[in-house]
Amino acid sequence: MTNGQIPKKMRLGSNEDDFYQRLQQQRRSLPIHPARGRLIHEVQRHSSVIVIGETGSGKTTQIPQYLYEAGLHRNAVIAVTQPRRVAAITISKRVAQEKKTELGHLVGYCVRFEDVTTDSTKLKYMTDGMLLREAILDPLLKRYSVVILDEAHERTIHTDVLFGVVKAAQRQRAEQGLKHIKIVVMSATMDVDHFSKYFNNAPVLYLEGRQYPIQVFYSVEHQTDYMFASLVTLFQIHKKEPAQKDVLIFLTGQEEIESAVKSIRDIAKEITGAPNLVVYPLYSSLPSFAQMRVFQPTPEGCRKVVVATNIAETSVTIQGIKFVIDSGMVKAKVYNPNSGLDLLKVVRVAKDQALQRTGRAGREAPGICYRLYTEDEFETFSNTTVPEIQRCNLASVVLQLLAMHITDVAAFDFMDKPSPEAVKKALEQLELLSAVEKRERYKLTPLGRQMAAFPLDPRLSKVILTAKDFQCLEEILTIVSVLSVDSVLFTPPNKQWCHENFIDMRNMKTAQEVRRQLKEICERQELPIQSCGRDTVPIRKCLAAGFFMSAAELQREGEYVTLSTRKVVSIHPSSVLFRCKPGYVLYNELTQTSKCYMRDLCVIDAEWLYDTAPNYFRNKKPGR
DNA sequence: GAGCACTGC
């Protein structure tokens, strides 16, 4: 999809009807159009259908319309889920245009902080996380007659949980004699059998796309320095290829990308007899005005080079890319459930990810992809990226499943199960927070049910719900909001001039919106929003109630050990507590870099830990 | 005395 806006040129000199006619003509010329009848037929006959379509097939905009036009919505709502907010919003805008209706009526969207739907909305584009949240209130998804799960191959944690939730809703609605629900899974994967089997051997429809052929070249030898190799490759292309043929380079992170951009600009100055280069970095923490630069059309006689993270694999699509240079590396978060330790590590991509990168070269014309690894090396890459649900903390997901009355989470029908240890760990954490209790089975406590209403890590929900006992919810709402978004403190990549007051506006605005949302939920739960003034004790006691399992104790030698696993840790140099030596601290996060660092700290008294979790600390003896 | 892949509720 493009950005869903109507190009200005199209509007000028043509009246509204012409515009609409042209849209309809475009619809009919999409590669998916000939499959319309078959698709409707299959969805009528089967309760679940898998649709495999390459990019550019038009499946995301057209299939929901086809089903609606065939009356398959049966006067209820067709939900179409997307992993990303922007996609949900822009696609719904496009479909509203095609349906010639105002957005929010027949066609609408629903993402966090924004619900553009009405009672008349029948085609509802939404994020997968949003539908999952709705399922907590209504596990049978009664408002929906069809659920379309798009981009299923991305296997986000939300999509994976939704697979099980919609499948269960389908079965239970049938058992209870309620109106049936159709499931359509749309994916670009080649692992079709896996999807089909999971959905009771659902039929598979293959759609043609509009992907142009791409030639793939591998390195002849193993590359020890992919940064260097990417520069060499770029300038080989640059010297022989005509201008306007743009290049996209995949590297791993901000620092690497900024340094590559600088090198490219420096080298380009020395080169004569080749087109001018315009070079742009692209990564998510880049301010959006800087991200937008990559969309500027390449000036006449120039070549555009974009050096990007994996943001350019799916989230950002750049027109005019002819060459892709793939380092074969990606920076990924590695989570260790036992130590609770996070670390960012540069690792090999999987084959599916390499394929996705390659595909970025053939969106408008045939392209070429240079892989900076040998074909033999490629063969050793794993086939698919491990689904998110198998590599992160499950506390939040398990709480949500319990809130949907799924009592045996370990036996839940996941397409790919998380490890039993990870589920056990999550249940233990929830038990420590008093969100669940173990009888014969784990059961949600009233506190746990309240916690599930918050779109937060359970530790943060617990902090909020503790605040009413300490009359400090006003302050806690702010602290929790800031803790639940990316850092609101801005570190300029080049430290020449600190004109932004070191505040990241985007993240600060998100924190504001989060606070507004959390406050609403608190008001609905009738929690009194009171302030404790300048006294920080009640605030820190609340934080202790949610984070007591993330506490560390100062040792005689001047270092810290965690109370949970006796791991040696240090205060991060960016903390205001660096060089201070408080006896006890709570931390939000452990990050392994040159040392194991605690981030986002709070000074506490050992006594508070006993007070808030006496059983947990009985054998750990902080301060005794 | 430091180094921040990407999403989402």
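In which helix is the place of Thr-233? Select Thr-233 in this predicted model: the residue belongs to helix α9, which spans residues 226-240.

Next, display the surroundings of Thr-233. Leaving aside residues up to four places away in sequence, Thr-233 touches Ile-325, Tyr-370 and Leu-372. Is Thr-233 buried or exposed? Its relative accessible area is 10%, and Thr-233 therefore counts as buried, since the limit for that class is under 20%.

Now turn to DNA strand B and select the residues around this strand. There are 30 of them, and those that come nearest are Arg-85, Ser-284, Lys-331, Leu-344 and Thr-593. Colouring the selection by residue class shows 10 nonpolar, 12 polar and eight charged residues.

On the strand itself, select the atoms within 4 Å of the protein. Sugar or phosphate accounts for 71% of these atoms, and bases for the rest.

Three phosphate contacts may then be visited in turn.

- Ser-284: a backbone N or O atom of this residue is placed 2.5 Å from a phosphate oxygen of DNA strand B.
- Thr-593: an N or O atom in the side chain lies 2.6 Å from a phosphate oxygen of the strand.
- Thr-127: a polar atom of the side chain is found 2.8 Å from a phosphate oxygen of DNA strand B.

Finally, select α6 (128-137) and β14 (329-336), the elements that give two or more residues to the surface near DNA strand B. Which element provides the largest share of that surface? Helix α6 does, with three residues.

Key. Residues are numbered from 1 along each chain as its sequence is written. Chains are lettered from A and ligands numbered from 1 in the order in which they are written. This is a predicted model: local features need pLDDT of at least 70, side-chain atom pairs count only at pLDDT 80 or more; totals for chains, interfaces and linings use all residues. Side-chain values use heavy atoms; hydrogens and water are left out. A residue is near a molecule or strand if one of its heavy atoms lies within 4 Å of it. A polar contact is a pair of N or O atoms within 3.5 Å; within protein, one must be able to donate a hydrogen and the other to accept it, and residues adjacent in sequence count only if both atoms are side-chain atoms. Helices (H or I, at least four residues) and strands (E, at least two) are DSSP runs, numbered from the N terminus. Ala, Val, Leu, Ile, Met, Phe, Trp, Tyr, Cys and Pro count as nonpolar, Asp, Glu, Lys and Arg as charged, and the others, Gly among them, as polar. Buried means under 20% relative accessible area, exposed over 50%, partly exposed in between (1.4 Å probe, protein chains only). Contact means heavy atoms within 4.5 Å.
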